[in-house]
Amino acid sequence: MCIRDRPEPGFWRANPLSKLTIKCPLEGSCKNNSKPRTLQALNNTNNSTNNSSDICEEGYTGNLCFSCAKGYAKFDTGECTFCMNNAYYYLQIIGKVAFAVVVVIVMTIQTIAGTENEVEKSEVLNRISVSYTHL
C-alpha cells in the first residue's frame, strides 16, 4: 500500500501516517515529502513517531519544525542558521580588541607628538587617561 496523502509544501504533520497537517510558522522549515513511501517502509523507519529529519529541513527540529537542531541558532526572524566553531568568534573578538588598542595607542602617540614640552606631554597623557576611564 502506498501513502499518497502528503502535506503540501510549507505544512507539517506529526508523522508520515498522520492525516492532520498544520501550516509551518517558519517558511522553509518544513520539508516537502514528495516521494510516496509504502506503509511498511514508514512503519519500519518511523514507528509512528516524529523523525525530524523526515519532516523538517536541515537545521530545524521539533513540533512544527519550530526549534533549531543541535549546532544551529535562531535569529530574530526565526531562521535557524549553522553555528560556527566558538574559537572563530573568540578570535574575532580578540582581533577587534587588539585593533582598538592599537588605534588608541597610535592616536595617543600622535597627540603627544604635537606637544612642545614634557609638562604638556604629561598633562595630555593625564587627560587622555581620565577620558578613557570615564567611558
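## Helix 3 and its nonpolar patch

Tyr90 sits in helix 3, which spans residues 86-113. The model is predicted. Tyr90 is exposed, because its relative accessible area is 53% and the exposed class begins over 50%.

Tyr90 also belongs to a nonpolar surface patch. The other members are Ile93, Ile94, Val97, Val101, Ile105 and Ile109. Together these residues make about 710 Å² of nonpolar surface.

## Disulfides: overview

The structure holds 3 disulfides. A disulfide is a covalent bond between the sulfur atoms of two cysteines. Counting bonded cysteines along the chain, the pattern is 1-2, 3-4, 5-6.

One cysteine stays out of this scheme: Cys83 is in no disulfide. For Cys83, the nearest cysteine sulfur is that of Cys68, 8.1 Å away. That separation does not meet the disulfide criterion, because the two sulfur atoms would have to lie within 2.5 Å. Cys83 is partly exposed, with a relative accessible area of 33%.

## Cys24-Cys30

Cys24 and Cys30 are joined by a disulfide. The S to S distance is 1.5 Å in this model. The torsion about the S-S bond is -95°, and the link is left-handed. Cys24 is buried, and Cys30 is buried too.

## Cys56-Cys65 and the loop between strands 3 and 4

A second link runs from Cys56 to Cys65, with an S to S distance of 2.0 Å. The link of Cys56 and Cys65 is left-handed, with -90° about the S-S bond. Both of these cysteines are buried. For Cys65, the relative accessible area is 0%, so the residue falls in the buried class, which covers values under 20%.

Cys65 lies in the loop between strand 3 and strand 4. Its backbone stands out: Cys65 has a positive phi of about 50° although it is not a glycine. Leu64 is placed in the loop between strand 3 (60-61) and strand 4 (67-68). Leu64 is not a glycine either, yet its phi is positive, at about 60°. The side of exposure is where the residues part: Leu64 is partly exposed, at 23% relative accessible area, whereas Cys65 is buried, at 0%.

## Cys68-Cys80

The third link joins Cys68 to Cys80, again by a disulfide, with an S to S distance of 2.0 Å. This pair connects distant parts of the chain. Cys68 is in strand 4, and Cys80 is in strand 6, residues 80-82. The two cysteines are 12 residues apart. The torsion about their S-S bond is about -90°, so this disulfide is left-handed.

Which accessibility class does each partner of this pair fall in? Cys68 counts as partly exposed, because its relative accessibility is 21% and the buried class ends under 20%. Cys80 has a relative accessibility of 7%, so Cys80 counts as buried.

Definitions and conventions. Residues numbered from 1 in each chain as written. Predicted model: local features only at pLDDT ≥ 70, side-chain atom pairs only at ≥ 80, totals over all residues. Heavy atoms only, no water. Patch = residues over 30% accessible without salt bridge, like charges linked within 9 Å, V, L, I, M, F, W, Y side chains within 5 Å. Areas by Shrake-Rupley, 256 points an atom, 1.4 Å probe, with all protein chains shown as cover. Salt bridge = Lys/Arg side-chain N within 4 Å of Asp/Glu carboxyl O. Helix = DSSP H or I, 4+ residues; strand = E, 2+ residues; numbered from the N terminus. Buried < 20%, exposed > 50% of the residue type's maximum accessible area, 1.4 Å probe, protein only.
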